[in-house]
Amino acid sequence: MLKCTLINTSRPLSKTDIKRVGIDIGCRFPQSLSDFYLRFNGGEAEGERRIFEGGTGVRVEVATFLPILHKRFKGDSLLEDSYWSLVREQNLIPQGYIPFAMDPGGFRYWMDCKTGEVFFSNFVRRGKTGSPMQHIASTLVEFVNGQVAKNDMPTAEMNEACVG
């Protein structure tokens, strides 16, 4: 179960909205991501900015979760726009991933459509394979519930915390 509250969310979505966007981008939303979007349509975590340290030792900062269909403000990034730009137009990310969140530098978090695993796309620090995709969590629940407030991290760790 997800343990979070998002603020500054966009208009609520229906199951039909989510299914339609999945069809449009050619990637069916895993159940966990669909459930997340039925609860929150984008937004920011309530309280302090959030840091996630995955089992791989990669620390990332989550600035915002991307809304679907309805921008929250002028210049907001929609999930489907991010997908079309980074996957279809620029071919930077392989098909089969759905962008759902963003760090302060604009790098996206992606969910694998088949496995539900969470990845971070970092075009500056590519992994050993040369791919920008870094695996950071096995599930959305692990990713969301594993985030901690910046102020809750020891100072020495905080100096290394932000990737991107």
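## The five-stranded sheet

Five strands make up an open sheet here, running in the order E5-E6-E7-E8-E9 with antiparallel pairing. This is a predicted model, so read everything below in that light. The edges of the sheet are E5 and strand E9 (133–137), each of which pairs on one side only.

At the E5 end, E5 and E6 pair in the antiparallel sense over two bridges. Looking across that pairing, Thr64 stands opposite Met102 in E6. Helix H2 packs on this sheet and touches E5, E6 and E7. The direction of H2 makes about 40 degrees with that of E6.

## The three-stranded sheet

There's also an open sheet of three strands, in the order E4-E3-E10, and its pairing is antiparallel. Strand E4 (59–62) and strand E10 (147–149) sit at the edges, with each pairing on one side only. On average, neighbouring strands of this sheet are turned by 35 degrees against each other, if you ignore direction.

Strand E3 (residues 50–53) pairs with E10 in the antiparallel sense over three bridges. On the E3 side, Phe52 stands opposite Gln147 in E10. Keep Phe52 in mind, since this residue turns up again in the aromatic cluster.

## Aromatic pairs

Now for the rings: the structure holds twelve aromatic pairs. One of them is Phe65 with Phe100, a stacked pair at 6.3 Å centre to centre with 25 degrees between the planes. Phe65 lies in strand E5 (residues 64–65) and Phe100 in strand E6 (residues 97–102), so this pair ties together parts that are 35 residues apart in sequence. Both Phe65 and Phe100 are buried.

Tyr109 and Phe143 form an aromatic pair too, this one tilted, with 5.2 Å centre to centre and 45 degrees between the planes. Here a strand meets a helix: Tyr109 lies in strand E7 (residues 108–112) and Phe143 in helix H4 (residues 140–145), so the contact ties together parts that are 34 residues apart in sequence. Both Tyr109 and Phe143 are buried.

## One aromatic cluster

Both of those pairs belong to one aromatic cluster, formed by Phe29, Phe36, Tyr37, Phe40, Phe52, Phe65, Phe100, Phe107, Tyr109, Phe120 and Phe143. Several elements already described have a ring in that list. Phe52, the residue opposite Gln147 in E10, is one of the members. Phe65 of E5 and Phe100 of E6 are in the cluster as well, and so are Tyr109 of E7 and Phe143 of H4.

## The disulfide

How many disulfides does the structure hold? There's one, and this disulfide joins Cys27 to Cys113, with an S to S distance of 1.3 Å. The link of Cys27 and Cys113 is right-handed, with 105 degrees about the S-S bond.

Cys27 lies in the loop between helix H1 (15–25) and helix H2 (31–39), while Cys113 lies in the loop between E7 and strand E8 (118–121), so the disulfide ties together parts that are 86 residues apart in sequence. Is Cys27 buried or exposed? Cys27 is buried, because its relative accessible area is 3%, and buried means under 20%. Cys113 also counts as buried, with a relative accessible area of 16%. Elsewhere in the chain, Cys4 is buried as well, and its relative accessible area is 16%.

## Salt bridges around Arg72

The count comes to two salt bridges. In one of them, Arg72 bonds with Glu44, and the closest N and O atoms are 2.9 Å apart. Arg72 lies in the loop between E5 and helix H3 (79–89) and Glu44 in strand E2 (residues 44–45), so the salt bridge ties together parts that are 28 residues apart in sequence.

Arg72 also meets Asp76 in a salt bridge, at 2.8 Å from N to O. Taken together, Glu44, Arg72 and Asp76 are linked in a network of salt bridges. Where do Arg72 and Asp76 sit, buried or exposed? Both are buried, and for Arg72 the relative accessible area is 18%.

Conventions:
Residues numbered from 1 in each chain as written. Predicted model: local features only at pLDDT ≥ 70, side-chain atom pairs only at ≥ 80, totals over all residues. Heavy atoms only, no water. Phe/Tyr/Trp six-rings, centres within 6.5 Å; stacked < 30°, edge-to-face > 60°. Helix = DSSP H or I, 4+ residues; strand = E, 2+ residues; numbered from the N terminus. Buried < 20%, exposed > 50% of the residue type's maximum accessible area, 1.4 Å probe, protein only. Disulfide = S-S within 2.5 Å. Pairing = 2+ DSSP bridges. Axes fitted to C-alpha atoms, helices over the stretch in contact; angles between N-to-C directions. Salt bridge = Lys/Arg side-chain N within 4 Å of Asp/Glu carboxyl O. Contact = heavy atoms within 4.5 Å.
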